[in-house]
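Please open the structure in a viewer and follow the stops below in order. Each stop states what to select and what is found there.

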Amino acid sequence: MASEYDVPAIRRTHDILRVLASRRAPVKASELAEACQLARSTLYLLLDCLEQRRWIERRDAGYVIGIELMALGYAYLRHDGLQTAFQAAAGAFVARHNEVVQLATLDGFDVVYLAREDARRPVRLVSDLGLRLPAHACALGKALLASLPPGELAACVPDALPRVTDRSLATRAALDQELEQVRRTGLAQDLEEVATGLVCYAAYVGVTPLGKRVAVSTSIPTDRLDPAHRRDVMEGIRIVARDVALRVIPGA
């Protein structure tokens with residue numbers, strides 16, 4: 001049914017932007033033509049239109065995402081006050097614990113990172129804004145999956161769970177067991193399941209008035225996670241989730 005309403009120009013534009021967003025360096029037109037399976041004439045018309053609107057910018061004989069597209073994207077956080085609420089709660093956590101805090105939402109079976117408040121020291125991060133990770137492998141994803149009604153959860157979990165590291169959950173049974181633990185404790189964890197040497201703790205915030213299902217997390221290198229610090233940050237991230245919810249979710 002969706003194909004009946006397909007608008008080719010929008011689909012092609014989406015394909016171009018997804019390729020640019022996935023690369024850390026400028027992408028040449030020839031690479032875009034191959035990646036998006038577009039005729040050069042069609043591609044150049046789209047690139048010119050996008051560049052005029054500053055959705056993309058030309059850099060070093062290639063193209064990158066433009067500043068106007070970034071500004072439009074940030075409206076996703078501004079509309080229901082989520083950005084302001086997160087910054088206030090995360091800032092308090094960083095001031096007390098000096099660890100990074102991240103905000104993410106669920107899109108299908110992917111976690112998408114929306115915002116981050118950095119610690120005042122070097123930290124190994126895998127949470128570039130806009131990054132997608134499979135939900136079963138990270139603490140944020142587990143917190144979000146555990147919040148879903150059974151029917152929605154069953155519909156979004158794939159038959160095969162991809163491995164990110166050798167510690168990632170590999171079966172649906174293992175995932176179900178862990179999600180039940182998240183529901184009991186109110187806290188999700190990732191023990192080097194996304195990056196070796198990095199553990200994460202996450203707590204579910206809720207669904208905002210505009211329908212954003214969000215959670216917060218902190219990521220800490222294992223070499224500085226002693227038992228006392230572990231207890232403090234686990235409780236601290238629960239507090240961040242509660243504070244964000246109180247600011248943006250009616251009746252929280």
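**From the whole fold to one threonine**

Begin with the whole protein selected: buried residues, those under 20% relative accessible area with a 1.4 Å probe and protein chains only as cover, make up 44% of its 252 residues. This is a predicted model, in which local features need pLDDT of at least 70 and side-chain atom pairs count only at pLDDT 80 or more, while totals for chains, interfaces and linings use all residues. Residues are numbered from 1 along each chain as its sequence is written, and side-chain values use heavy atoms, with hydrogens and water left out.

Next, display the C-alpha atoms alone. They fill a box of roughly 60 × 40 × 40 Å along the principal axes.

Switch to a cartoon view to see 9 helices and 8 strands (DSSP runs, H or I of at least four residues for helices and E of at least two for strands, numbered from the N terminus).

Now select Thr 208, which lies in the loop between strand 7 (198-207) and strand 8 (213-221). Is this residue buried or exposed? Thr 208 counts as buried because its relative accessibility is 4%.

Add Asp 80 to the selection. The side chains of Thr 208 and Asp 80 are joined by a polar contact of 2.6 Å, a term for a pair of N or O atoms within 3.5 Å, where within protein one must be able to donate a hydrogen and the other to accept it, and residues adjacent in sequence count only if both atoms are side-chain atoms.

Finally, show Leu 82, Val 214, Val 248 and Ile 249. Leaving aside neighbours within four places in sequence, Thr 208 is in contact (heavy atoms within 4.5 Å) with these residues and with Asp 80.

How values were computed
Buried < 20%, exposed > 50% of the residue type's maximum accessible area, 1.4 Å probe, protein only.
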